[in-house]
Amino acid sequence: MRRPFLLVLAILLFSFTVLRKTPAEQVKDYYDTHLSQLHKTLLQFQEISDQASLTALRASFTACRSEYKRLEFAVEYYYPNAAQRLNGAALPEAEPSEPEQVMPPTGFQVLEEYVYGSTDNQATRGLIGQELENMLYQVRYLQAQAPVLTFTETEVFDAIRLNLYRLATKGLSGFDSPVAFASLPEAAVTLEGTGEVLTCFEPPALLSQQVQRSVAAVHTPGTTVAGFNAFDRAAFLVRYFNPLLAALQQAQLQQGIPFVQAKRAIRPRAVSYFAADAFDPTFFAPADAAPATPAVLALGKALFQEPALSARSGRTCASCHIPGRAYTDGLKVNNSLLAGVNLERNTPTLLNASLQPAQFYDGRVPFLEDQIHEVVSNKAEMGGRFDEVTSVLRRKKGYTKLFAQAFATESKPLTERNIRKALAAYVRSLVRLNSRFDQYMRGDTAVLSRTEITGFNLFMGKAKCGTCHYMPLFNGTVAPLYNKVESEVLGVPTTRDTLHPSLDKDQGKYLLYQIAYQRYAFKTPTVRNAAHTAPYMHNGVYQSLEEVIDFYNKGGGIGLGLEVPTQTLGEDHLGLSALDKQAIIAFINSLTDEGEQ
């Protein structure tokens, strides 16, 4: 009788082994389940959209977005275009090759404006139904793709990590929920979903505890505007977010799950995007960029101060990008080399300029090498000719040796191409991410004052600065991949005169491709080291941070009474008090890197 029992036991064990799903397969089940639930809740929303009460509509909206938030880690990772159509900013898009083909915004953020807006009539109900159909189209696409979607353990951990960056940068700032102010409850849902996915991997107790603590921390404030404004983001990031990321990394290492090998703006193995070495400047460089060897950097630094690049004018790169001024010049706009005129735009800082995928205020070139070529050869800026520059440098003492050392494998290293490459490598070395704010986020919580912490919370909350100046670079390079940069239409005036303002005539990015909604659009610059980069805005109109914050507080150009139909900056007054403004400035000052310039 013993043999049949053992046989049955063996069959059961074999069956259990065969039927038991891998962690990645369990994640796929989770994804399929919630994708089906999202489809169901959207259909239910659509059924009641024309007759239900506003309260019922908002409840349906919340249910739908909660389901999406549980899926967002995977949709953003595997289907970024669908993610953009489901939950992108409520702004139009167009390709430079087809400037007339403007794609209107769609998704939850558009729907939120209808559901939580001040107008509830039949026309609005029709728009709600139309938007739901647009979103259902995207969800049906995801469902059609689901049978061929395969998760791997490496990708799941990578997707979760990126989604946590997204949560901290866009979620906590209100980017995702600008009208409903539901960012914190949605953050709780995101974290709950994160915990459910990680359960598939039987995570260490520490990781599960960190997820639970993070969920509880964002649950506390509630859904009110006051709760959103009062939330202590600085404390959350230090006490909960960073420890959660550290526990996630540790669990991945303990379970022997490899990190992705993809080259990214944030190194995939980084414990957090606040880590000192988290960002990789070479991600933003061309494939043939010069390596940052001591010889290349020495050459680049010499060229940065070399007047031969500007022919007979005597101007150098350092003439306008002064190290002691955070590589700016302190001028509204600098002098042109052409008689009787000034340059059109303010000189931007070069600190961390390498950590962005587009250069110039209009973002017209992708790489520093391209920017250097344009600036050196521009008759108004430096007026140089590279064929002449190379001839002059060959005759100048020391350069033949410097080029030979920097490009040792080349038989004729002193070339126009290598001038650009050495200068670009030098600018890429100007990464400065060690301000007191950075030190605070790395655990030294004594380095920021209470006022500075309050300013950070305002910056990322009530003042809405963080919805355009993405943490932790605090520029327009979009989290969490940081592979594209945004431009904004602010309605910047020509002068500081608020009684009789006039719109600045520079049409910005529109001049490149004549895309209508980009008229007066400019790349969002960094506010790091802004204490040393006055004056501000693309035209240098404001002399102080107080003036800049006052401009935003009033609602930009529209708030000043200007006609700016394409303005992307919210036109409503922010309601910042004098103390609020002082605190925001104190925080911005904490972003000053006091290290070697």
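Helices in this tour are DSSP runs of H or I with at least four residues, numbered from the N terminus. The model is predicted.

**Stop 1: Gln371 and Phe360**

Select Gln371 to begin; its place is in helix α14, residues 368–377. With a relative accessible area of 14%, Gln371 is below the 20% limit and is therefore buried. Beyond its neighbours within four places in sequence, Gln371 is in contact with Gln359, Phe360 and Val365. Keep Phe360 on display and add Arg364, which lies over the face of the Phe360 ring at 3.7 Å from the ring centre. For a second arrangement of this kind, select Tyr510 and Arg519: the charged end of Arg519 sits over the ring of Tyr510, 3.9 Å from its centre.

**Stop 2: Helix α12**

Display residues 294–304, the extent of α12. Which residues of α12 are buried? They are Val296, Leu299, Gly300, Leu303 and Phe304. Turn the view to look down the helix axis: the buried residues of α12 fall within an arc of 140°, so they line one face of the helix. The elements covering these residues include α13, α15 (386–395), α16 (399–406) and α17 (416–428).

**Stop 3: Thr316**

Move on to the loop between α12 and α13 (317–320), where Thr316 is found. Is Thr316 buried or exposed? Thr316 is buried, with a relative accessible area of 10%. A polar atom of the Thr316 side chain lies 3.1 Å from the backbone nitrogen of Ala318. Not counting residues up to four places away in sequence, Thr316 touches Phe304, Gln305, Glu306, Pro307 and Met382. Phe304 was met at the previous stop as one of the buried residues of α12.

**Stop 4: The nonpolar cores**

In soluble globular proteins, nonpolar side chains tend to be buried together. Here the largest nonpolar core has 118 residues, and the members that touch the most others are Tyr31, Phe151, Phe236, Leu237, Phe241, Tyr273 and Phe456. Helix α11, residues 233–254, supplies the largest share of this core, with ten residues. Another core lies apart from it; this one has 34 residues, among them Leu299, Leu303, Ala326 and Tyr327. Leu299 and Leu303 also belong to the buried residues of α12.

Return to the largest core and centre the view on Leu237. Which residues is Leu237 in contact with, leaving aside its neighbours within four places in sequence? The contacts of Leu237 are Ala168, Leu172, Asn242, Pro243, Phe274, Met441, Phe456 and Met471.

**Stop 5: Aromatic pairs**

Now show the aromatic rings, for which the count comes to 31 aromatic pairs. Select Tyr273 and Phe274: their ring centres are 4.9 Å apart and their planes stand at 70°, so the pair is edge-to-face. Tyr273 and Phe274 are both buried.

Next select Phe474 and Phe587. The centres of these rings are 5.7 Å apart and the planes are at 70°, so this pair is also edge-to-face. Phe474 lies in the loop between α19 (450–459) and β3 (487–489), whereas Phe587 lies in helix α23 (residues 578–590), so the pair ties together parts that are 113 residues apart in sequence. Phe474 is buried, with a relative accessible area of 0%, and Phe587 likewise counts as buried at 0% relative accessibility.

To see the wider arrangement, select the cluster that ring pairs form from Tyr165, Phe241, Tyr273, Phe274, Phe437, Phe456, Phe459, Phe474 and Phe587.

**Stop 6: Pro525**

From Phe474, step to Pro525, which touches His469, Phe474 and Asn475 when residues up to four places away in sequence are not counted. Pro525 is found in the loop between β4 (521–523) and α21 (545–553). At 42% relative accessibility, Pro525 counts as partly exposed. Draw a distance from Pro525 to His321: these residues are 204 apart along the chain, and their C-alpha atoms are separated by 16 Å.

**Stop 7: Asp572**

Finish at Asp572, in the loop between α22 (556–559) and α23. Is Asp572 buried or exposed? Asp572 is exposed, with a relative accessible area of 60%. Not counting residues up to four places away in sequence, Asp572 touches Asn553 and Gly555. The C-alpha atoms of Asp572 and Gly556 are 8.6 Å apart in space, with a separation of 16 residues in sequence.

Note on methods: Residues numbered from 1 in each chain as written. Predicted model: local features only at pLDDT ≥ 70, side-chain atom pairs only at ≥ 80, totals over all residues. Heavy atoms only, no water. Helix = DSSP H or I, 4+ residues; strand = E, 2+ residues; numbered from the N terminus. Buried < 20%, exposed > 50% of the residue type's maximum accessible area, 1.4 Å probe, protein only. Polar contact = N/O pair within 3.5 Å; in protein donor to acceptor, adjacent residues only side chain to side chain. Contact = heavy atoms within 4.5 Å. Core = buried A, V, L, I, M, F, W, Y, C linked by side-chain atoms within 4.5 Å. Phe/Tyr/Trp six-rings, centres within 6.5 Å; stacked < 30°, edge-to-face > 60°. Lys NZ or Arg CZ within 6 Å of the ring centre and 35° of its normal. Arc of directions from axis to C-beta.
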